[in-house]
Amino acid sequence: MKPKPCTAFRRIFSANAAYVFLAGGLVVGCVALAHCAGLTICPVKRWLGVPCPTCGATRAFALLLHEEIRDAFELQPLVMALACIALPLLLMFRIVFGKQRMRKLIATASKSPTFWCIAAFMTLANWAYVIARGN
Ligand SMILES: [Zn+2]
């Protein structure tokens with residue numbers, strides 16, 4: 001008899017999610033290689049001379065891998081907050097409440113002007129912080 005695969009694992013990592021995860025890993029790998037080679041890969045920083053709202057995210061993830069959590073949050077607070085707090089919370093919500101409730105939550109949030117105002121404010125505040133810090 002064939003063993004049943006874990007349904008929670010299957011729900012989270014559907015085929016599409018696996019492709020997105022692989023593509024994201026490929027992008028992160030290329031960015032890490034470019035960073036190790038000393039290249040500035042951010043087009044905004046390269047062409048305008050000003051860091052973009054996500055500048056420093058790769059270095060922050062590298063710091064996170066070395067368990068330097070405080071330095072990672074100081075370098076790129078918004079991306080670290082999304083990766084370390086919001087993403088795990090969304091994954092837990094998805095596991096506990098399922099796909100339909102997750103879709104409903106996303107649909108509700110995407111239609112909410114309050115959500116978009118908060119997201120825009122957080123992005124602009126993070127961008128000002130990144131520029132002031134000189135990432
Ligand atoms: Zn950038």
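This is a short talk on one chain, its helices, its core and a few single residues.

One point before we start. The model is predicted.

Let's take the overall layout. The chain has 7 helices and 0 strands. Read along the sequence, the pattern is α-α-α-α-α-α-α. The C-alpha trace spans about 60 × 40 × 25 Å along its principal axes. The radius of gyration is 18 Å, whereas a compact globule of 135 residues would come near 14 Å.

How much of the chain is buried? Buried residues make up 11% of the 135 residues. Now contacts. Take those between residues at least 6 apart in sequence: 45% of them join residues at least 24 apart.

Next, the core. In soluble globular proteins, nonpolar side chains tend to be buried together. Which residues form the largest nonpolar core here? There are 8 of them: Ala57, Ala60, Leu63, Ala72, Leu75, Leu78, Val79 and Met80. Three elements give two or more residues each to this core: α4, residues 57-65; α5, residues 69-75; and α6, residues 77-110.

Look at Ala60 in particular. Set aside its neighbours within four places in sequence. Ala60 is then in contact with Ala72, Leu75, Gln76, Val79 and Met80.

Now α4 itself. Its buried residues are Ala57, Thr58, Ala60 and Leu63. What covers them? The cover includes α2, residues 15-36, together with α5 and α6.

An α-helix has 3.6 residues a turn, so residues three or four places apart point the same way. Keep that in mind while looking at α4. Ala57, Ala60 and Leu63 are among its buried residues. Ala62 also lies in α4. Is Ala62 buried or partly exposed? Ala62 counts as partly exposed, because it has 17 C-beta neighbours inside 10 Å, and buried would take 20 or more. The C-alpha atoms of Ala62 and Arg133 are separated by 18 Å, and these two residues are 71 apart along the chain.

Move past the end of α4. Glu67 sits in the loop between α4 and α5. Glu67 has a positive phi of about 60°, although it is not a glycine. Buried or exposed? Glu67 is exposed, because 9 other C-beta atoms lie within 10 Å.

On to α6. This helix has 34 residues, and a straight one would span 50 Å at 1.5 Å a residue. The end C-alpha atoms of α6 span only 23 Å. Where is the kink in α6? The kink is centred on Gly98, and it is about 125°.

Stay with Gly98 for a moment. Gly98 is partly exposed, because it has 13 other C-beta atoms within 10 Å. The C-alpha atoms of Gly98 and Pro53 are 32 Å apart, with their positions 45 residues apart along the chain.

How many residues of α6 are buried? The count is 3 among its 34 residues, and α6 is hardly covered. Those buried residues are Leu78, Val79 and Met80. They pack against α4, α5 and α7. Leu78, Val79 and Met80 also belong to the largest nonpolar core.

Further along α6 we reach Thr108. Thr108 is exposed, because it has 10 other C-beta atoms within 10 Å. Thr108 and Ser14 are 94 residues apart along the chain, and their C-alpha atoms are separated by 23 Å.

Then comes α7, residues 113-133. This helix has 21 residues. From first C-alpha to last, α7 reaches 30 Å, close to the 30 Å expected at 1.5 Å a residue. Turn back to α6, and the span is only 23 Å where a straight helix would give 50 Å.

Why does α7 lie largely in the open? Of its 21 residues, the number buried is 1, so α7 lies largely in the open. After α7 comes Gly134. The phi of Gly134 is positive, near 80°.

To recap. The chain has 7 helices and 0 strands. The largest nonpolar core has 8 residues, with two or more coming from each of α4, α5 and α6. And α6 has a kink of about 125° centred on Gly98.

Notes. Residues numbered from 1 in each chain as written. Predicted model: local features only at pLDDT ≥ 70, side-chain atom pairs only at ≥ 80, totals over all residues. Core = buried A, V, L, I, M, F, W, Y, C linked by C-beta atoms within 7 Å. Buried ≥ 20, exposed ≤ 12 C-beta atoms within 10 Å, placed from the backbone. Helix = DSSP H or I, 4+ residues; strand = E, 2+ residues; numbered from the N terminus. Contact = placed C-beta atoms within 7 Å. Rg over C-alpha atoms; globule rule 2.2 N^0.38 Å. Expected span 1.5 Å × (residues − 1). Bend = angle between axes of the 7 residues up to and from the residue.
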